[in-house]
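Colleague: Could you take me through the model, one site at a time? I would like the reasoning along with each value.

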Amino acid sequence: MALREVLQFPDPRLKRVSEPIEKISDEVRALARDMLEVMYDEPGIGLAAPQVGEAVRLIVMDTDWKDEDGAGERNPLVLVNPEIIAREGSLIWTEACLSVPDFSAEVERAARVVVRGTNLDGREVVEEAEELRAVCFQHEIDHLDGVLFIDRISRLKRSLYVSKRKKALRLEEAPGAR
Ligand SMILES: [Zn+2]
């Protein structure tokens, strides 16, 4: 079966605010499974449902996984309705995103966060995170609110990226055009 497609900026669906998940149905479980497949395939360390076109509050992450020889141990985290319930300190982290092709930039984030959500069994999960994991939680939960990391960088850097991206898209549409 084909993998779900990852939406890319400037797809307007990335800007929607996602709805809470009220019931963990088979559909939600299947979506989580699809998202993990896409994440490991890309590869990435996190993915939010809106990135595959589903406007629901669901994220998957695996910040330990490394694809060095394709045999890295997988330790996936699936969180339904995640929210940041505490944040502390700040740090600067260089971020990238599967939905923002060919770009990375420094973003200021909280250094430590506490995240609360539900797992696929409906049990409450509370995760404390720092550094990369804290950044990843903030980045993925931002997606649920329609926010991309390029919305958190300087206006100048953002507009440089947007014009570069628009140019790349024009070339994609008209291959061979100058
Ligand atoms: Zn992202």
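The questions below go from the metal site to the aromatic pairs and then to a helix.

Colleague: Which residues coordinate the zinc ion?

Modeller: Bear in mind that this is a predicted model. The donor residues follow the spacing C-x41-H-x3-H in sequence. The donor atoms, one SG and two NE2, sit at 2.1 to 2.2 Å from the zinc ion. They belong to Cys97, His139 and His143.

Colleague: About how far apart along helix H2 are His139 and His143?

Modeller: Helix H2 covers residues 131-144. An α-helix has 3.6 residues a turn, so residues three or four places apart point the same way. His139 and His143 are four residues apart in H2, and therefore their separation is about one helical turn.

Colleague: Is His139 buried or exposed?

Modeller: The cut-off for buried is under 20% relative accessible area. His139 has 8% relative accessibility. His139 therefore counts as buried.

Colleague: Which residues does His139 touch, not counting those up to four places away in sequence?

Modeller: His139 lies in helix H2. With residues up to four places away left out, one of its contacts is the zinc donor Cys97. The full list is Glu95, Ala96, Cys97, Arg109 and Phe149.

Colleague: How is the aromatic pair of Phe9 and Tyr161 classed?

Modeller: The structure holds three aromatic pairs. In the pair of Phe9 and Tyr161, the rings are 6.0 Å apart centre to centre, with 40° between the planes. Planes under 30 degrees apart would count as stacked and over 60 as edge-to-face. The pair is therefore classed, by these limits, as tilted.

Colleague: How many residues apart in sequence are the parts that this pair ties together?

Modeller: Phe9 lies in the segment before helix H1, and Tyr161 lies in helix H3 (residues 155-173). Phe9 counts as buried at 11% relative accessibility, and Tyr161 at 2%. The parts tied together by the pair are apart in sequence by 152 residues.

Colleague: Which residues do ring pairs link into a cluster?

Modeller: Phe9 and Tyr161 form one of the aromatic pairs. Ring pairs link these two with two other Phe residues. The cluster is made up of Phe9, Phe103, Phe149 and Tyr161.

Colleague: Which strands do the buried residues of H1 pack against?

Modeller: H1 has 16 residues and reaches 22 Å from its first C-alpha to its last, close to the 22 Å expected. Its buried residues include Val28, Leu31, Leu36 and Tyr40. The buried residues of H1 pack against strands S1 (46-48), S2 (58-61) and S3 (77-88).

Key
Residues numbered from 1 in each chain as written. Predicted model: local features only at pLDDT ≥ 70, side-chain atom pairs only at ≥ 80, totals over all residues. Heavy atoms only, no water. Donors = N, O, S within 2.8 Å, 3.2 Å for Na, K, Ca; no water. Helix = DSSP H or I, 4+ residues; strand = E, 2+ residues; numbered from the N terminus. Phe/Tyr/Trp six-rings, centres within 6.5 Å; stacked < 30°, edge-to-face > 60°. Buried < 20%, exposed > 50% of the residue type's maximum accessible area, 1.4 Å probe, protein only. Contact = heavy atoms within 4.5 Å. Expected span 1.5 Å × (residues − 1).
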